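I opened this structure to take notes, going from the overall form to single residues. The entries are short.

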Amino acid sequence: MIRTSADKKIHEGHRQRVRARFLAEGLDAFEDHQVLEFILFYCIPMKDTNEIAHKMLKGFGSLASLFEAQPEEIVKRCNVSLNTAVFASMIPSLARRYSKGKWGDKPVLNSSTKAGEYVLSLLAGRIYEVFYVICLDLQNKVNHAALVHEGTINEAAVYPRLIVEAALRHKAVSVILAHNHPGGGMQPSKADIEVTLKIKEALKAISIGTVDHVIAAGDKYYSFAENNLL
């Protein structure tokens with residue numbers, strides 16, 4: 001289909017109106033397909049992205065499922081370019097980078113609440129289970145948040161030696177352990193509790209304290225310290 005100059009004017013005007021609405025209202029008043037349509041403006045020029053947005057949402061069911069999908073899967077299901085798929089799949093990582101960046105370079109995590117909120121920002125949008133050791137200095141400032149494992153948590157996978165090595169490498173006085181339950185509940189499993197106690201003992205042997213273990217589940221968290229499991 002050949003796009004006429006009149007079509008182009010209407011199309012251009014639509015994008016300007018959507019942009020003006022965003023600048024005036026933000027995204028809160030947008031429906032999901034409108035959010036996606038607006039995002040697609042910046043990787044699909046001179047094309048009606050409304051229809052594409054509807055198709056992509058239908059293919060994945062929600063913005064979250066779409067953004068968390070692998071680019072190859074987005075291309076396959078939605079028949080869009082790899083450039084568009086990569087752009088969409090970057091959003092959780094960008095959100096995580098933004099959230100973590102708001103904490104500054106060396107945030108002080110001197111309470112379970114701060115630890116929980118920091119872990120939520122660190123693990124936001126993760127679709128696979130990951131395990132972090134957050135290394136703290138004497139003032140409870142974060143020296144480094146080290147990713148030590150990706151995959152289901154169990155005693156063999158999260159071997160205490162990995163945690164000890166990370167803690168020593170980043171000069172930790174104490175640590176906060178953190179992992180996520182993608183799509184699951186916040187409550188720790190038996191394996192979570194057993195692994196935590198083994199790690200705590202291994203760190204204690206080299207005079208490094210374990211101040212908390214935080215499990216992130218969506219926008220909520222579970223603190224071992226708050227529930228007297230440490």
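My notes start with the whole protein and then move through chosen residues.

**Entry 1: what I am looking at**

I am working from a predicted model. I keep that in mind for every value below.

I looked up the secondary structure first. The protein has 10 helices and five strands. Next I checked how spread out the fold is. The radius of gyration is 22 Å, while the globule rule gives 17 Å for 230 residues, so the protein is more spread out than a compact globule. The box around the C-alpha atoms, taken along the principal axes, is roughly 75 × 35 × 30 Å.

**Entry 2: burial, contacts, surface, charge**

I asked what share of the 230 residues is buried. The figure is 41%. I then took the contacts between residues at least 6 apart in sequence, and 59% of them join residues at least 24 apart.

The exposed area comes to about 12900 Å². Carbon and sulfur atoms supply 53% of that area. I also looked up the charged side chains: 28 are positive and 25 are negative. The centres of the two sets lie 5 Å apart.

**Entry 3: Ser174 and Asn140**

I went to strand E3, which covers residues 174–180, and found Ser174 in it. Is Ser174 buried or exposed? Its relative accessible area is 7%, and the cut-off for buried is under 20%, so Ser174 is buried. Leaving out residues up to four places away in sequence, Ser174 touches Ile134, Cys135, Leu136, Asn140, Ile208, Gly209 and Val211.

Asn140 is on that list, and I followed it up. Asn140 sits in the loop between E1 and strand E2 (142–150). Its relative accessible area of 25% makes Asn140 partly exposed. I noted its backbone too. Asn140 is not a glycine, yet its phi is positive, at about 65°. Most residues other than glycine have a negative phi.

**Entry 4: His181**

I moved on to the loop between E3 and helix H10 (190–204), where His181 is placed. His181 counts as buried, at 13% relative accessibility.

Which residues does His181 contact, leaving aside neighbours within four places in sequence? I listed Glu129, Met186, Gln187, Pro188, Asp192, Ile215, Ala216 and Ala217.

I then checked side-chain polar contacts. His181 makes one with His179 at 3.1 Å. Another, at 3.2 Å, joins the side chains of His181 and Asp192. Asp192 is also among the contacts I listed for His181.

I took one distance from His181 as well. Glu68 is 113 residues away along the chain, and the two C-alpha atoms are separated by 15 Å.

**Entry 5: Arg126**

I found Arg126 in the loop between helix H8 (112–123) and strand E1 (130–136). At 24% relative accessibility, Arg126 is partly exposed. Beyond its neighbours within four places in sequence, Arg126 contacts Arg96, Tyr132, Asn180 and Pro182. I also looked up Ser93. Ser93 and Arg126 are 33 residues apart in sequence, with 8.5 Å between their C-alpha atoms.

**Entry 6: Thr84**

I looked at helix H6 (residues 82–89) next, since Thr84 lies there. Thr84 is buried, with 2% relative accessible area. Its contacts outside the neighbours within four places in sequence are Leu40, Cys43, Ile44 and Met56.

**Entry 7: Lys200**

I went back to helix H10, which holds Lys200. How far is Lys200 from Arg15, C-alpha to C-alpha? The separation is 55 Å, with their positions 185 residues apart along the chain. Lys200 is partly exposed, at 26% relative accessible area. Setting aside neighbours within four places in sequence, Lys200 contacts Thr210 and Leu230.

**Entry 8: Asn228**

My last stop was the segment after strand E5 (220–223), where I found Asn228. At 67% relative accessibility, Asn228 counts as exposed, given a cut-off of over 50%. Asn228 is not a glycine, but it has a positive phi of about 55°. I had noted a positive phi for Asn140 as well.

How values were computed:
Residues are numbered from 1 along each chain as its sequence is written. This is a predicted model: local features need pLDDT of at least 70, side-chain atom pairs count only at pLDDT 80 or more; totals for chains, interfaces and linings use all residues. Side-chain values use heavy atoms; hydrogens and water are left out. Helices (H or I, at least four residues) and strands (E, at least two) are DSSP runs, numbered from the N terminus. The radius of gyration is taken over C-alpha atoms; the globule rule is 2.2 Å times the number of residues to the power 0.38. Buried means under 20% relative accessible area, exposed over 50%, partly exposed in between (1.4 Å probe, protein chains only). Contact means heavy atoms within 4.5 Å. Accessible areas come from the Shrake-Rupley method with a 1.4 Å probe; for residues, only the protein chains shown count as cover. Lys and Arg count as positive and Asp and Glu as negative; His and the chain ends are not counted. The place of a charge is taken as NZ of Lys, CZ of Arg, CG of Asp or CD of Glu. A polar contact is a pair of N or O atoms within 3.5 Å; within protein, one must be able to donate a hydrogen and the other to accept it, and residues adjacent in sequence count only if both atoms are side-chain atoms.
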